[in-house]
Amino acid sequence: MKFVLVTGGVVSGLGKGVTASSVGVVLKACGLRVTSIKIDPYLNTDAGTMSPFEHGEVFVLDDGGEVDLDLGNYERFLDVTLTRDNNITTGKIYQSVLEKERRGNYLGKTVQVVPHITDAIKNWIESVAAIPVDGKEGPADVCVIELGGTVGDIESMPFIEALRQLSFSVGQDNFCLIHVSLIPVLGVVGEQKTKPTQHSVRELRALGLTPHLLACRSAQPLLANTKEKLSQFCHVPIANILNIHDVPNIWHIPLLLRSQNAHHSILQQLNLLSIAAPSDLQAWTKMAETYDNITNSVRIAMVGKYVGLTDSYLSVVKALLHACIACSLKPSIDWIAASDLEDDSANLTPEAHAAAWETLRNAECVLVPGGFGDRGVKGMILAAKYARENNVPYLGICLGMQISVIEFARSVLGLERANSSEFDTESPDNVVIFMPEGSRTHMGSTMRLGSRKTIFQTHDCLSSKLYCNPKYVDERHRHRYEVNPEVIGALEEAGLKFVGKDETGKRMEILELPGHPYYVGSQFHPEFKSRPGRPSPMFLGLILAATKQLEAYLNTHQNGS
């Protein structure tokens with residue numbers, strides 16, 4: 001097994017995840033099989049209980065793992081299916097070591113960070129790296145490891161030490177270290193400054209790791225003298241100093257790496273030049289250039305709770321992008337804080353209220369994504385009502401589907417107190433209820449998680465046609481509330497149709513409103529399986545309906561062609 005380690009220096013948020021994904025893409029383009037591991041040094045066992053404001057979205061895997069959003073980047077870039085074990089956290093490592101200690105596995109020894117924690121990290125990396133993630137048999141050729149945080153952080157020290165030991169044990173031909181750093185430009189001087197990177201590399205070398213390549217983030221391309229200075233003071237050949245400057249879209253990053261022969265430097269370090277094929281990124285190049293050349297756009301109103309941080313909905317944004325490109329459009333996402341649509345906002349913040357409603361009315365389609373808690377729910381209900389009554393294409397995901405059920409029950413069935421037991425436990429008309437198998441005492445990993453079957457109840461519905469008429473689909477879930485089975489009859493009698501259910505037939509998965517251009521809700525999260533060139537059918541349907549192309553598309557794809 002060959003390992004490529006991607007670390008970061010100077011500041012966080014430089015794009016280590018995209019860099020690691022792009023390195024995987026260029027290696028895969030050389031005919032190699034690639035897998036990925038993300039190390040998060042925080043103490044949480046997983047990302048499941050963290051606020052989206054704290055750490056961006058929680059990405060859900062097929063096996064139900066709630067993981068860092070960077071694993072979503074890996075899956076989308078490399079088209080692989082990862083497992084929960086591909087995300088290593090300090091919490092997981094310490095938990096596994098302490099469980100062994102309680103069982104007596106250490107035979108009375110003093111359990112310490114070195115060697116017990118570091119050994120656990122190495123063993124975890126080596127065992128997970130051997131798991132195939134691309135649908136083929138046998139381990140991958142290369143494992144790309146991203147170490148979260150910044151070199152020098154106290155919390156990442158055990159991982160640095162474990163990776164130092166790993167580099168020594170596997171040998172220099174099997175280990176390549178890429179250090180991502182920042183080259184700032186001071187406004188007054190206008191000069192590209194290398195000193196922060198020099199200090200970062202010095203810190204890394206003091207910890208026993210020497211970078212083979214530098215990936216330098218900057219607004220503009222690096223100047224020749226900047227590269228020379230970096231090479232001289234960081235002990236990295238000029239050919240191995242990569243410049244990842246700002247580009248129109250992130251699909252250009254693998255092309256940027258290839259244009260600087262990054263793949264050759266990595267393959268040379270890993271002694272893989274003899275077995276690697278010439279780099280083939282034709283499809284990737286076409287995808288990046290196609291997006292750059294698109295001129296038309298579609299306006300999408302995203303009505304959510306966490307709109308202050310767009311990473312909170314990263315997979316939804318990517319799924320919209322994939323669907324829009326399939327329709328030769330660019331997504332123009334209008335972020336609307338759901339609470340700004342509420343009546344209370346008209347009194348407290350009238351300008352924000354007026355702006356939110358104007359944005360909603362100017363949108364060509366409406367999307368209400370998932371979320372937890374009651375903040376903004378009234379605004380989401382108003383958005384769903386607006387879309388339903390005005391024939392505006394609407395997609396509700398998870399909470400967004402439950403919102404559409406609550407709105408329909410209130411407006412059409414006349415149940416004024418219709419609600420979810422998540423928001424009002426005393427309501428006599430809760431059309432959304434807590435799932436019987438859920439835990440009310442523990443939050444982590446107690447939801448209905450991972451890939452599960454949704455059985456289509458009829459093929460004569462939009463969702464089935466968009467999925468090309470299968471008997472069922474496997475999509476990823478993350479919820480602890482569901483539509484109340486006792487109200488299904490009344491809702492369907494009033495016109496709302498539940499066209500997708502789980503294998504028991506009691507849990508509602510997909511709803512549609514016949515006669516509406518596109519009013520669809522899904523209890524699952526279709527965004528997690530969307531890929532470039534293979535958009536999620538749910539999102540594709542939304543964009544097609546928004547641009548009045550849905551009927552024509554379905555007519556030409558009736559037979560799954």
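Let me start with Gln 165, which sits in helix 6, the helix made of residues 157–170, and let me say straight away that what we are looking at is a predicted model. Is Gln 165 buried or exposed? With a relative accessible area of 14%, Gln 165 is buried, because the cut-off for that word is under 20%. Its side chain takes part in a polar contact of 2.9 Å with the side chain of Lys 122, and it also makes a polar contact, at 2.8 Å, with the side chain of Glu 161. If we leave aside residues up to four places away in sequence, the residues that Gln 165 touches are Val 114, Thr 118, Asp 119 and Lys 122, so please note that Lys 122 appears here as well as in the polar contact of 2.9 Å.

From that residue I would like to move to a sheet. There is an open sheet of seven strands, and if you follow the strands across it you read the order 5-2-6-1-7-8-9, with parallel pairing. Which strands stand at the edges? They are strand 5, residues 87–89, and strand 9, residues 241–245, and because each has a single partner strand, one side of each is left without a neighbour in the sheet. On average, and ignoring direction, neighbouring strands of this sheet are turned by 20° against each other. To take one pairing within it, strand 2, residues 34–40, runs parallel to strand 6, residues 142–147, and six bridges join the two; Ile 39 is found opposite Leu 147 of strand 6.

Two helices that lie across this sheet are worth following on the screen. One of them is helix 3, which lies across strand 2, strand 5 and strand 6, and which runs at about 170° to strand 2. Helix 3 covers residues 70–78 and is mostly covered itself, since nine of its nine residues are buried; among them are Asp 70, Asn 73, Glu 75 and Arg 76, together with Leu 71, Tyr 74 and Phe 77. Just after helix 3 comes Asp 79, which takes a positive phi of about 55°. The other is helix 10, residues 262–269, which lies across strand 1, strand 7, strand 8 and strand 9, and runs at about 140° to strand 7.

Further along the chain we reach helix 11, residues 282–293, where Ala 283 is found. Ala 283 counts as exposed, with a relative accessibility of 62%. What separates Ala 283 and Gly 533 in sequence and in space? They are 250 residues apart in sequence, and 9.5 Å apart in space from C-alpha to C-alpha.

Next, a pair of helices. Helix 14, residues 350–362, packs with helix 15, residues 377–389, at an angle of about 35°, and their axes are 11 Å apart. The crossing of helix 14 past helix 15 is right-handed. On the side of helix 14 the residues are Trp 357, Leu 360 and Arg 361, and these meet Leu 382, Ala 383 and Tyr 386 of helix 15; by class, this contact has five nonpolar residues, no polar ones and one charged one.

There is also an open sheet of three strands, in the order 14-15-18 and with mixed pairing. Strand 14, at 419–420, and strand 18, at 481–483, stand at its edges, each with a single partner strand, so one side of each has no neighbour in the sheet. Strand 14 and strand 15, residues 430–434, run parallel and are joined by two bridges, with Ser 420 opposite Val 432 of strand 15. Helix 16, residues 399–411, lies across strand 14, strand 15 and strand 18, and runs at about 150° to strand 15.

I will finish with strand 20, residues 508–512, of which five of five residues are buried. Four bridges join strand 20 to strand 19, residues 497–501, in an antiparallel pairing, where Lys 497 has Glu 512 as its bridge partner. The hairpin of strand 19 and strand 20 has six residues between the strands, and Gly 505 in the turn has a positive phi of about 80°. Strand 20 also pairs with strand 21, residues 519–522, in the antiparallel sense over three bridges, and there Leu 511 has Gly 521 as its bridge partner. That hairpin, of strand 20 and strand 21, has six residues between its strands, with a positive phi of about 90° at Gly 515 in the turn.

Note on methods. Residues are numbered from 1 along each chain as its sequence is written. This is a predicted model: local features need pLDDT of at least 70, side-chain atom pairs count only at pLDDT 80 or more; totals for chains, interfaces and linings use all residues. Side-chain values use heavy atoms; hydrogens and water are left out. Two strands pair if DSSP finds at least two bridges between them. Contact means heavy atoms within 4.5 Å. Axes are lines fitted to C-alpha atoms, for helices over the stretch in contact, and angles run from 0 to 180 degrees between N-to-C directions. Buried means under 20% relative accessible area, exposed over 50%, partly exposed in between (1.4 Å probe, protein chains only). A polar contact is a pair of N or O atoms within 3.5 Å; within protein, one must be able to donate a hydrogen and the other to accept it, and residues adjacent in sequence count only if both atoms are side-chain atoms. A crossing is left-handed if the near helix is turned anticlockwise from the far one by less than a right angle, and right-handed if clockwise. Ala, Val, Leu, Ile, Met, Phe, Trp, Tyr, Cys and Pro count as nonpolar, Asp, Glu, Lys and Arg as charged, and the others, Gly among them, as polar.
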